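Reader: I've got a protein chain on my screen and would like to talk it through. Can we start with the terms and then go to the details?

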Amino acid sequence: MTMIVGYHFSDGAVLIADSRATWESPTRRKNIYQDTLQKILPFGPKLVIGFAGDVQAALAVAAAIQKRVQAKRELQHIAVLGPKFGRYAKHEFKTFAGAKRSRQGISLILAGVDASPAAGGKPNEVQLWAYESPHFHPIRVENDFVVRGSAIPTVQPFLQSNQLELNSQAGGLKGKADWLISRLEGELERSGDLYVGGLFQVLLIDRETIRPMSYGRYSLDPDDEDDPVRMEIAS
């Protein structure tokens, strides 16, 4: 499992995912953790998708739907794609599960900026949608948040209790993202959830564009043996 958070604000949205992949080892009793998995992916013009759960299934479903988006211009508007995406995902997930016999579920979060008022959308409107297997009922998230993955028991109540503080942060979407990064890291560290780890991947989605957020951390403590780390989505 994993963690992905989508937070919709009045001025846009922030999408955050961890970077940990968990592998079951046939020769060891403990799972293997690797903190290099990209869980937020470009999906189309001003469209992005994030996932939690079975990696192969999520990537297969996303790739199949992306072909539809590329082939049909009208689907490149989030206002058109958002309500239909769940139906496509249900079909592709069923196809994948039948071929691979996968029993693991997936969660998907779709975000984007509508460039035109197609199908009832508003110009430059930021929309955030969430879907959950096996039915993938479309849930539009407005001025609220959605959490998916094993971190739900930790992250969901924390965000519910701190929405006022988060919304009062200065600095626009970046200020809110900075708050989310630091506070969620602390909460997850205290929870001891081994299925969530690595640096967060962060996207800022405003009314003009989708921007990856680069950040890092280092310690001024001379006895701290941790190396400085930095996260940057290059492509």
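Author: Sure, one term up front: two strands pair if DSSP finds at least two bridges between them. Helices (H or I, at least four residues) and strands (E, at least two) are DSSP runs, numbered from the N terminus. This is a predicted model, where local features need pLDDT of at least 70, side-chain atom pairs count only at pLDDT 80 or more, and totals for chains, interfaces and linings use all residues. Residues are numbered from 1 along each chain as its sequence is written, and side-chain values use heavy atoms, with hydrogens and water left out.

Reader: Which strand does S8 pair with over two bridges, and in what sense?

Author: Strands of a sheet pair through backbone hydrogen bonds, either parallel or antiparallel. Strand S8 covers residues 125-132, and its Ala-130 stands opposite Ile-139. The partner over two bridges is S9, and the sense is antiparallel.

Reader: Which are the edge strands of that open sheet?

Author: Five strands make up the open sheet, with antiparallel pairing and the order S5-S6-S7-S8-S9. An edge strand here pairs on one side only. That gives strand S5 (40-44) and strand S9 (139-140).

Reader: Is Thr-2 buried or exposed?

Author: Thr-2 lies in the segment before strand S1 (3-9). Buried means under 20% relative accessible area, exposed over 50%, and partly exposed in between (1.4 Å probe, protein chains only). Because its relative accessibility is 2%, Thr-2 counts as buried.

Reader: Which side chain has a polar contact with that of Thr-2?

Author: A contact is heavy atoms within 4.5 Å, and, not counting residues up to four places away in sequence, Thr-2 touches a list of residues including Arg-20, Phe-51, Arg-148 and Tyr-195. A polar contact is stricter: a pair of N or O atoms within 3.5 Å, where within protein one must be able to donate a hydrogen and the other to accept it, and residues adjacent in sequence count only if both atoms are side-chain atoms. At 2.2 Å, the side chain joined to Thr-2 is that of Asp-18.

Reader: Which element gives the largest share of the largest nonpolar core?

Author: A nonpolar core is a set of buried Ala, Val, Leu, Ile, Met, Phe, Trp, Tyr and Cys residues joined through side-chain atoms within 4.5 Å. The largest one has 28 residues, with Met-3 and Val-155 among those touching the most other members. Elements giving two or more residues include S1, helix H3 (152-161) and helix H5 (172-191). With seven residues, the largest share comes from H5.
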